[in-house]
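Let's take a walk through this structure together, starting from the inside and then moving on to its pocket. Have the viewer open as you read.

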Amino acid sequence: MTIQFKALPSEAVRALQRGGPDAYGHTPERRISDGDGVPCRHCMRNVAAGEGYLILAYRPFPELQPYAETGPIFLHAQECERAAEAEALPEMLESSDYIVRGYGKDDRIVYGSGAVTPTSDIAARAEALFERDDIAYIHVRSARNNCYQCRIERA
């Protein structure tokens, strides 16, 4: 099976970079990166030292419901190119491990699918989860703070 790591859609990101409201209706906060641990969820690379970035509330679900987690993410403040959908692990995933968790077609967590997974094992874990019929897509989230990183889908 082949998987694809998916970055945030450009249309949504451009609106935020232009000052549009985040998931809570607020204007994204602007900061300057120190170059350490500021992963952009659009180009899926870290924001380099000295570059501007946005902090905002993001909800990677189509509608409000009990499992629609909202949390902080980072984006480049200036327009960046969306990462290509690829089977390769995104450059921004630099921590030693992440939460890898499956969701159903109804956008609810599939209980028993979540696990803290070593970064080098994320693709294998995703492929194993996709062997299940009840998994529609997967989130990769920070193992320390639960922040959304990216989505994985079947290719």
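A nonpolar core here is a set of buried Ala, Val, Leu, Ile, Met, Phe, Trp, Tyr and Cys residues joined through side-chain atoms within 4.5 Å. Keep in mind as well that this is a predicted model.

With that in hand, look for the largest such core, which has 19 residues. Phe5, Met44, Ile122, Ile138, Val140 and Ile152 are the members with the most contacts inside this core. Several elements come together here: strands E1 (3–6), E5 (97–103), E7 (137–142) and E8 (148–154), along with helix H2 (122–129), each supply at least two of the core residues. H2 gives the most, with 3 residues. As a general backdrop, nonpolar side chains tend to be buried together in soluble globular proteins.

Now zoom in on Ile138. Leaving aside residues up to four places away in sequence, Ile138 touches Val100, Arg101, Gly102, Ala126, Leu129, Phe130, Cys150, Arg151 and Ile152. There is also a second core, separate from the one above, with 16 residues, including Leu16, Cys43, Ala77 and Tyr148.

Let's turn to the pockets. The largest pocket has a volume of about 310 Å³. Its lining consists of 19 residues, and those closest to the pocket centre are Gly37, Pro39, Ser95, Ser142 and Gln149. Which strand supplies the largest share of the lining of the largest pocket? That is E4, with 3 residues. Strand E4 (71–76) and E5 each supply at least two lining residues. Sorted by class, the lining of this pocket has 8 nonpolar, 6 polar and 5 charged residues.

Technical notes: Residues numbered from 1 in each chain as written. Predicted model: local features only at pLDDT ≥ 70, side-chain atom pairs only at ≥ 80, totals over all residues. Heavy atoms only, no water. Buried < 20%, exposed > 50% of the residue type's maximum accessible area, 1.4 Å probe, protein only. Helix = DSSP H or I, 4+ residues; strand = E, 2+ residues; numbered from the N terminus. Contact = heavy atoms within 4.5 Å. 1 Å grid on protein atoms, 1.4 Å probe; cavity = no way out; pocket = protein on both sides within 12 Å on 5 of 7 lines; lining within 4 Å. Points joined across faces, edges and corners; volume = space filled by probe spheres on them. Nonpolar A, V, L, I, M, F, W, Y, C, P; charged D, E, K, R; others polar.
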